[in-house]
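Colleague: Could you give me a close look at one packing contact in this model? Once you've covered that, feel free to carry on to the other parts you think are worth walking through.

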Amino acid sequence: MKNNIYFCKNSVALRSRFPEAYSSLNSSIKDDSLASLNFDIGSHGQTIQVCKRSGKTSLLYDPTSLEKMLHDIASKPPPDPYDTIFFIGIGLCHAPLSAIQRYNKKPRIIIIEPYPAVFNLALNTKNLSDLLSYDRLDLFIGKQVNLKRIINKYEKNIPLGRTLLFIHSYDHAITGTKYRLIVHELMHRIKMIRDIWNTTRRFGKQMLENSIANLPSLLSGTPMGALRDKFKGVPAICFAAGPSLDEALPEIKKTTNALLIACDSAVGSLLKENIQPHVVATADSHLANIKKLRPHMHRLTNTMLVFGVESNPDNVRCYLGRRRTGVTAYNKLITNWLAPNLKLGCQFPQMTSVMHLAVSFATAIGAEPIILVGVDLAYIGKRSHSSGAVFNHIPEKKSNLIAINGVSGDVVHAPPPLVADRIILEQNIDQSQVRMINTSLRGAFIENSEIKSIAEVAETELGEQLNVNALMESIAWEPASDNERIIAEVARLIERLAGFASQCEKQSDAVRQILKRHGGRYNFAGLESDSNGLIGGDERFQNENNDLISLIEESFLDEIQPILKQSEINDAKTKTSKNEKIVDQLTNIQLKYTVFRQSANTLIGYLKTVAKNFAKMKKQLDLFATDTGNYQHRIDLAECFRDCGEIWQAVNAYLQCIDTDPQRPVAYKGLIQLYIDAQLWAAANEMAATARTIFPDDEDVGRLEKMVENHIDSIFYQMNAAWKTGDVSKSKRLLDAYKLLRDDDPQVREIETDIDLLENSSLEKPDMNHAGSADLQARFKQAVQAVKNQDIERGVGILEGLCLDFPDLTAKLRSQIGDCRILQKNYKSALWNFLKAWQHGLRGDEMKRKIDLLRSYG
């Protein structure tokens, strides 16, 4: 067959254009993954027939599916040059050939065929010259199909426009899971690339500004590298603010045998129940995020902060605790520059939410198991968050939500960001190989996690006595680097950026001169020779400055995207002359250098501000070091930190002044004013009361105290007004804020009672017997099928959900869960479930035998 005319011509063209694909095809010539193939000419045209090892034949794909694909290609709006088209599976090349003929704007086309035997048959049966000569085609065959590498290659192309996927419907009975996994992974990776791109484009500048503003905390805090594996084997509970958090907190209050890591959104709920976290995580870059922590800052002074460097700076600077560490997933300023030079060790896996940060931190410090509490990743009833959360969006309709599998076998609904968060969490769990336990029995099903009730976790995972506070105290909380080294590193980066900006200006001028010399588009004499050196120099410049360019592209993507789009448009042009293409290329290069220069200068401005603050703080620290007993030097140091915006360091400096001389009012007054300016009203209220006791006749103290009282009064008036207008959500938020400041005020009791009654009557709570026997049987069948399919954890989740919905069947269901755990060789969990079954009345010789046997295992 390989001697036919099609194969000879096609293989020559393939070898010339795609040598790697040709090599991959040649090395897989004996591939028998699909047994033997031949092509069949029927009423629907050519298609592929598979001769199975049993001797029977069947079609690799239904010809009607090819017709549908061709119809889809014809009916789609014509793609633009910056759009990307994927063909997954090639068949006999009918579909990609149709696309090339129809799409005259020449979009980028990528063909992925995991089965070399299929492509080999296409080479033998069809003239592929039009396909193989299409200059914006890429081809990946057999062993070349590494989706991570493929997507990384096009990570700057895919988000520029539309991404069209045309998927050959190969018979899964023939291809097995391989083909389906490729489709699933490709779609996941494309979505991930687009999500990251869009987030970076929208918030890149803000995240850059935040990162630079947070440098003092990053570099004055303890480097993440020094904390890795410090809690090896210690159980950690990661708290998010999902609705299920409320139900879990009573169990959590019973144990102290775990490291408690709270996402910022969950802090209010925990502190309301007097549960003090050991670590607080914050990551959101938005200004409104400070609302989650500001009311509680005074209660977190002994709690560690782990922050994403892109976080809202107010969350970081106003956090009063001294123990802190900064991390990032992809911030180029940190990962490419400061982290390697200052040995910060602060790079984390991909994260798009504070929950990812908390889980990755627990993983990095060696904690295991990691127990997820309140990580629902879906709406439960009509609630998106726990009752103590600042934000609690109640969706009016589910049309904007995505239906996904719940732990209990039900369908639950989640907005797209939560779906993306779940996928990234699953990926991170898979890569870390750390035991992860999901206690949200009504939330989304999380792959690669164990499913257990919070009651079982408390009794089986947290029984060993553990002094977490002692472990925290044993760590040397040393800063990442000294100020002199930090100032030198920042100065070096500024110098490098200044040189880069200067080079960009020179390159831009050189392009301008060439275009001017040749009079625009119509005087081409000598254009090619004049531009050769500059275009070659542009490639060298890009390679030499790749670290800075990647930083600028990350931070100023909104300005970079049109340049990348235009580059794709220029690349796709077919009716322009060579010289016109050169002019297009030079024009785009000139625009690129202008954006690079402007972006570099903006970045220099940000860095100069923080460098100036570092220099100020160093000067004042050096002066203080000459006479540490000097009270005025301490006051000057506190005021220096305050002026530089480093609230937490200013607070600690003022407190040291008070410790040194508690009878001098200066530090008290400075500290109260600092708290007021930072809107840390609870801390201001406490310090004003302390100062008034010590200095009852001081007018400034009285004035500051009155400012605090006026603010507290205003909260009450706002709360009252909101309640009268029927704004329950605002009333509740203001009530919580007021109670933190005046918990003993009898005026709030009536409103508090009314709000509680209204909430308890209006919130949609899961009905413990919402379903009848038909639902019970259907879900039980789901559980049995999941176990038969070796997806035991999913079966356990369904059975746990049935325990919640049918409490009268707890004994039998716990016994079933125990049997599932035996299949997993998780004997501790099996024993716990059998004991619960016994307690609920399922007794007898067989159950006693199981319990005795498991106890004998120790």
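Modeller: Sure. Let's take helix α24, residues 631–643, against helix α25, residues 647–660: their axes sit 7 Å apart and the packing angle is about 160 degrees. The angle is over 145 degrees, so α24 is roughly antiparallel to α25. As for handedness, the α24 and α25 crossing is left-handed. Bear in mind as you read on that this is a predicted model.

Who actually touches whom there? On the α24 side, the contact is made by Y631, R634, I635, A638, E639, F641 and R642. Their counterparts in α25 are Q649, A650, A653, Y654, Q656, C657 and T660. Sorted by class, the residues in this contact of α24 with α25 come out as eight nonpolar, three polar and three charged.

For another helix pair, try α14 (residues 332–342) and α19 (residues 483–517). These axes come within 11 Å of each other, and they cross at roughly 140 degrees. An angle has to be over 145 degrees to count as roughly antiparallel, so α14 ends up oblique to α19. The crossing of α14 and α19 is right-handed. From α14 you get L333, W337, L338, N341 and L342, and they meet R485, E489, R492, L493 and R496 of α19. The class tally for the contact of α14 with α19 is five nonpolar, one polar and four charged residues.

Now the sheets. One of them is open and has eight strands, running β12-β11-β10-β9-β8-β13-β16-β17, with parallel pairing. At its edges you find β12 (324–327) and β17 (450–451); each has a single partner strand, so one side of each has no neighbour in the sheet.

Go inside that eight-strand order and zoom in on β9, residues 259–263. Five of its five residues are buried. Both faces are covered, too: L259, I261 and C263 lie on one side, L260 and A262 on the other, and all are buried. Strand β8 (residues 236–239) runs parallel to β9 and is joined to β9 by four bridges. If you want a register marker for that pair, F239 has A262 in β9 as its bridge partner. Strand β10 also runs parallel to β9, with three bridges joining the two. Here the marker is I261, which stands opposite V279 in β10. The burial carries over into β10 (residues 279–282): V279 and A281 point one way, V280 and T282 point the other way, and all are buried.

There's also an open sheet of four strands, in the order β6-β5-β4-β7, again with parallel pairing. Its edge strands are β6 (137–141) and β7 (163–167), each pairing on one side only. On average, neighbouring strands of this sheet are turned by 15 degrees against each other, if you ignore direction. Within the sheet, β4 (residues 84–88) pairs with β5 (residues 108–113) in the parallel sense, over five bridges. I85 has I109 in β5 as its bridge partner.

If you follow β7 onward, you reach H168, which sits in the loop between β7 and α8 (172–175). Is this histidine buried or exposed? Buried: its relative accessibility is 1%, and the cut-off for buried is under 20%. Setting aside neighbours within four places in sequence, H168 is in contact with Y61, L66, M69, I88, G89, I90, G91 and Y179. One of these, I88, belongs to strand β4 of that four-strand sheet. K68 is 100 residues from H168 along the chain, yet their C-alpha atoms are separated by 10 Å.

To finish, have a look at L776, in helix α31 (residues 773–788). Its relative accessible area is 19%, and the line for buried is drawn at under 20%, so L776 does count as buried. Not counting residues up to four places away in sequence, L776 touches L802, F806 and L809. From L776 to F806 you go 30 residues in sequence, and C-alpha to C-alpha the two are 8.3 Å apart in space.

Note on methods. Residues numbered from 1 in each chain as written. Predicted model: local features only at pLDDT ≥ 70, side-chain atom pairs only at ≥ 80, totals over all residues. Heavy atoms only, no water. Axes fitted to C-alpha atoms, helices over the stretch in contact; angles between N-to-C directions. Parallel < 35°, antiparallel > 145°, perpendicular 65-115°, else oblique. Left-handed = near helix turned anticlockwise from the far one by under 90°. Contact = heavy atoms within 4.5 Å. Nonpolar A, V, L, I, M, F, W, Y, C, P; charged D, E, K, R; others polar. Pairing = 2+ DSSP bridges. Buried < 20%, exposed > 50% of the residue type's maximum accessible area, 1.4 Å probe, protein only.
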